Amino acid sequence: MSLFIAGDPYGNHSLMSLKYGGYNPEDVYVWENDSTHLYAIKQISDRINVTDDLNFWDKMYFTACTGNPPYTDTSTVQGATTGGCAGTLDTVFYEWSMDHSDYVSQIIRAKHFAKSSSRFRKRLFTSPGVVSLEALPESTFPSISLTPTCIVTWKRGYIGDTLVTYLDGSTKNVRLT
């Protein structure tokens with residue numbers, strides 16, 4: 001039983017996986033790009049596998065993948081007047097997790113579902129597997145206001161309706177297309 005965590009800034013996912021998920025520290029693999037956060041995760045247990053290099057685990061397969069991956073890559077953005085455009089990372093991590101696991105539950109931006117032409121939406125919705133979509137209130141991440149987020153849970157081989165949880169708490173079973 002192994003767990004990959006894409007983005008764990010304060011070690012909350014790592015801590016919960018050890019406390020409630022039944023994982024042993026040596027079975028938890030964390031990708032985090034901030035050295036301060038890497039240090040914090042190592043304080044939970046020095047046996048947790050943690051790195052800032054995603055390619056390090058590219059040949060591995062995990063029981064489950066979770067996390068709060070970064071939303072965008074701003075490394076090429078030089079400022080409002082000098083050009084550059086932030087690249088999407090949350091879908092990259094989600095798709096990487098789908099390719100390396102049988103179960104994925106991660107936080108991503110809801111914008112990826114708005115356009116029916118979205119490549120990510122097509123991949124996610126046209127292949128079976130989406131178990132649930134849960135809208136998160138704006139107060140979950142106050143620093144990114146006006147960026148609706150959700151938890152998308154996917155399980156390889158799952159065939160059935162998707163449980164959609166809306167902001168008001170109401171739920172609906174939906175056949176995704």
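Visitor: Which residues of β1 point one way, and which point the other way?
Guide: Happy to start there, and please keep in mind that this is a predicted model. Strand β1 covers residues 3-6, and its side chains are split between two directions, with every one of them buried. Phe4 and Ala6 take one direction, and the other belongs to Leu3 and Ile5.

Visitor: Which residue of β2 is the bridge partner of Ala6?
Guide: Strand β2 spans residues 28-31 and pairs with β1 in the parallel sense, over four bridges. Within that pairing, the partner of Ala6 in β2 is Trp31.

Visitor: And which residue stands opposite Ala6 in β4?
Guide: Strand β4, residues 64-67, runs parallel to β1, and four bridges join the two. The residue across from Ala6 there is Gly67.

Visitor: In what order do the nine strands of the open sheet come?
Guide: The chain has 11 strands along with four helices. Nine of the strands build an open sheet with mixed pairing. Neighbouring strands in this sheet are turned against each other by 20° on average, direction ignored. The order is β3-β2-β1-β4-β7-β9-β8-β10-β11.

Visitor: Which strands stand at the edges of that sheet?
Guide: Look at the two ends of the order β3-β2-β1-β4-β7-β9-β8-β10-β11. A strand with a single partner has one side left without a neighbour in the sheet, so the edges are held by β3 (49-51) and β11 (171-174).

Visitor: Is Thr51 buried or exposed?
Guide: Thr51 belongs to the edge strand β3. Beyond residues up to four places away in sequence, Thr51 touches Val30, Trp31, Glu32, Leu38, Phe56 and Trp57. Its relative accessible area is 14%, and the cut-off for buried is under 20%, so Thr51 counts as buried.

Visitor: How far apart in space are Gly7 and Asn68, C-alpha to C-alpha?
Guide: Gly7 sits in the loop between β1 and α1 (12-19), and with 3% relative accessibility it is buried. Leaving aside neighbours within four places in sequence, the contacts of Gly7 are His13, Trp31, Glu32, Gly67, Asn68 and Pro69. Although Gly7 and Asn68 are 61 residues apart in sequence, their C-alpha atoms are separated by 5.0 Å.

Visitor: What share of the contacts between residues at least 6 apart in sequence join residues at least 24 apart?
Guide: Gly7 and Asn68, 61 residues apart in sequence, are in contact, and they give one example of such a pair. For the chain, the share is 58%.

Visitor: Which residue in the turn between β10 and β11 has a positive phi?
Guide: Strand β10 (residues 162-165) runs antiparallel to β11, with four bridges joining them, and Val164 stands opposite Lys172. The two strands form a hairpin with five residues between them. The turn residue with a positive phi, about 90°, is Gly169.

Visitor: Which strand gives the largest share of the lining of the second largest pocket?
Guide: This pocket holds about 290 Å³ of space, and 16 residues line it, with Phe113, Leu133, Ala135, Val164 and Tyr166 nearest its centre. At least two lining residues come from each of β8 (130-136), β9 (149-155) and β10. The largest share, four residues, is supplied by β8.

Visitor: What is the volume of the largest cavity?
Guide: The structure has one cavity of 30 Å³ or more. The largest cavity is lined by Leu136, Pro137, Glu138, Phe141, Ile144, Thr147, Pro148 and Thr149. Its volume is about 40 Å³.

Visitor: How many of the residues of helix α3 are buried?
Guide: Helix α3 covers residues 90-99 and is mostly covered. Its buried residues are Asp90, Thr91, Phe93, Tyr94, Glu95, Trp96, Ser97 and Met98. Out of 10 residues, the buried number is eight.

Visitor: What separation do the C-alpha atoms of His112 and Asp90 have?
Guide: His112 lies in the loop between β7 (103-109) and α4 (119-126), and its relative accessible area of 8% makes it buried. Its contacts, leaving aside neighbours within four places in sequence, include Thr88, Asp90 and Thr91. His112 and Asp90 are 22 residues apart along the chain, and their C-alpha separation is 9.6 Å.

How values were computed
Residues are numbered from 1 along each chain as its sequence is written. This is a predicted model: local features need pLDDT of at least 70, side-chain atom pairs count only at pLDDT 80 or more; totals for chains, interfaces and linings use all residues. Side-chain values use heavy atoms; hydrogens and water are left out. Contact means heavy atoms within 4.5 Å. Two strands pair if DSSP finds at least two bridges between them. Axes are lines fitted to C-alpha atoms, for helices over the stretch in contact, and angles run from 0 to 180 degrees between N-to-C directions. Buried means under 20% relative accessible area, exposed over 50%, partly exposed in between (1.4 Å probe, protein chains only). On a 1 Å grid over the protein atoms alone, a cavity is a set of points where a 1.4 Å probe fits but cannot get out, and a pocket is an open set with protein on both sides within 12 Å along at least five of seven lines; lining residues have an atom within 4 Å of a point. Grid points are joined across faces, edges and corners, and a volume is the space filled by probe spheres set on the points.
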